[in-house]
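Here is a short walk through a two-chain model, with a few stops along the way. Have the sequence and the 3D view open as you read.

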Amino acid sequence: MDLKVKNRIKEIRLAKGISQIQMAEDLQITRQTINAVENHKYNPSLELALKLIKYFDITLDEIFTLEEE
Amino acid sequence: MKRLQIIIVCTLIFSMSIGFYLGSMMVPDLPVGTMSAGIIGSVVGVGIVLGTIKFRESRKKHNIPDIDERTWINIKNFYATSLYIVLFGSMLIVCLLIALGTETIELGALSIYLLILFFLLVIGTLVVRRQ
């Protein structure tokens, strides 16, 4: 059984009206990384995941879910 | 940070001086002019690169970093892959040369090969960094 981490970062970011540039500046990451994470091509490190939940002020399972491929 | 930079520069100058002294001891007729040109060229080259980085940073309108955790992972993967390619590629070239009957390699040819490898690695790093 292949499991894949999915996230709702794009959805949450757009709902909060935050641009990728703003988010990149605030979290000190590159725009390419935001793109890769939003398109499920890169799983962020635990450190970045914790930064993300703090930034969006939501719980971990509201952003990340483990889904079967 | 400033202190670390000073230590790095001092260490580099000190190491280069020791290297120069040892070189002049080991090779009596050391071409000082060529050596100086090499050292000055390297220093100017590093200066140009650092200057370009500073200039680009000063012109940047936003505060987005150029490198983050994903970039480091990409660079590490690139170096890991290139290590195998370089090792197996070099082994293949040596086997090919042996098969062709070559018994010796000129140091000049070897240095050009290493220069090309280094150049390709630098270009690869720049490409991977931007991905």
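## A salt bridge to start with

Let's begin with Arg13(A) and Glu38(A), whose side chains meet in a salt bridge at 2.6 Å, N to O. This pair ties together distant parts of the chain: Arg13(A) belongs to helix α1 (residues 9-15) of chain A, Glu38(A) to helix α3 of chain A, and their positions lie 25 residues apart in sequence. Keep in mind throughout that this is a predicted model.

Are the two partners buried or exposed? Both Arg13(A) and Glu38(A) are buried. For Glu38(A) the relative accessible area is 6%, and since the cut-off for buried is under 20%, Glu38(A) therefore falls on the buried side.

## Around Glu38(A)

What else does Glu38(A) touch, once its neighbours within four places in sequence are left aside? The list is Asn7(A), Ile9(A), Lys10(A), Arg13(A) and Gln20(A). With Gln20(A) there is also a side-chain polar contact, at 3.2 Å. So helix α3 of chain A, where Glu38(A) lies, has a residue that takes part in a salt bridge with Arg13(A) and in a polar contact with Gln20(A), while being buried at 6% relative accessible area.

Glu11(A) is worth a look here too. Its C-alpha is 8.9 Å from that of Glu38(A), although the two are 27 residues apart in sequence. Glu11(A) has a salt bridge of its own, with Arg8(A), where the closest N and O atoms are 3.3 Å apart. Arg8(A) is partly exposed, at a relative accessible area of 36%, whereas Arg13(A) and Glu38(A) are both buried. Over all chains, the search of the whole structure comes up with 2 salt bridges.

## The layout of chain A

Stepping back, chain A has 5 helices and 2 strands. Follow the sequence and you get the pattern β-α-α-α-α-α-β. Of its 69 residues, 38% count as buried.

How much of the contact in chain A, counting separations of 6 or more, comes from residues 24 or more positions apart? The share is 65%. The Arg13(A)–Glu38(A) salt bridge, at 25 residues apart, is one link between distant parts of the chain.

## Two positive phi values

Now for a bit of backbone. Most residues other than glycine have a negative phi. Against that background, His40(A) has a phi near 60°, a positive value in a residue other than glycine. Asp57(A) also has a positive phi, near 55°, and is likewise a residue other than glycine.

Where do they sit? His40(A) is in the loop between α3 and α4 (46-56) of chain A, and Asp57(A) is in the loop between α4 and α5 (60-63) of chain A. At 23% relative accessible area, His40(A) is partly exposed; at 66%, Asp57(A) counts as exposed.

## Where the chains meet

On to the interface. 14 residues of chain A are in contact with 12 residues of chain B. The area buried between the two chains is about 1000 Å², with carbon and sulfur atoms giving 53% of it. How many salt bridges cross the interface of chain A and chain B? The rule finds 0, but it does find 8 residue pairs in polar contact there, with both residues at pLDDT 80 or more.

On the side of chain A that touches chain B, the elements giving two or more residues are α2 (20-27) and α3 (31-38) of chain A. The largest share, 4 residues, comes from α3(A). By class, that side has 7 nonpolar, 5 polar and 2 charged residues. Helix α3 of chain A, then, is home to Glu38(A) and also gives the largest share of this side.

## Chain B: a threonine and two cysteines

In chain B, Thr71(B) is part of helix α3 (residues 69-99). At 1% relative accessibility, Thr71(B) counts as buried. Its contacts, leaving aside neighbours within four places in sequence, are Asp66(B) and Arg129(B).

Two cysteines round things off. Cys10(B) is partly exposed at 48% relative accessibility, and Cys95(B) is partly exposed at 45%. How many disulfides does the rule count over all chains? The count is 0.

Methods: Residues are numbered from 1 along each chain as its sequence is written. Chains are lettered from A and ligands numbered from 1 in the order in which they are written. This is a predicted model: local features need pLDDT of at least 70, side-chain atom pairs count only at pLDDT 80 or more; totals for chains, interfaces and linings use all residues. Side-chain values use heavy atoms; hydrogens and water are left out. Contact means heavy atoms within 4.5 Å. Buried area is the accessible area (1.4 Å probe) that two parts lose on being put together, summed over both. A salt bridge is a side-chain nitrogen of Lys or Arg within 4 Å of a carboxyl oxygen of Asp or Glu. A polar contact is a pair of N or O atoms within 3.5 Å; within protein, one must be able to donate a hydrogen and the other to accept it, and residues adjacent in sequence count only if both atoms are side-chain atoms. Ala, Val, Leu, Ile, Met, Phe, Trp, Tyr, Cys and Pro count as nonpolar, Asp, Glu, Lys and Arg as charged, and the others, Gly among them, as polar. Buried means under 20% relative accessible area, exposed over 50%, partly exposed in between (1.4 Å probe, protein chains only). A disulfide is a pair of cysteine sulfur atoms within 2.5 Å.
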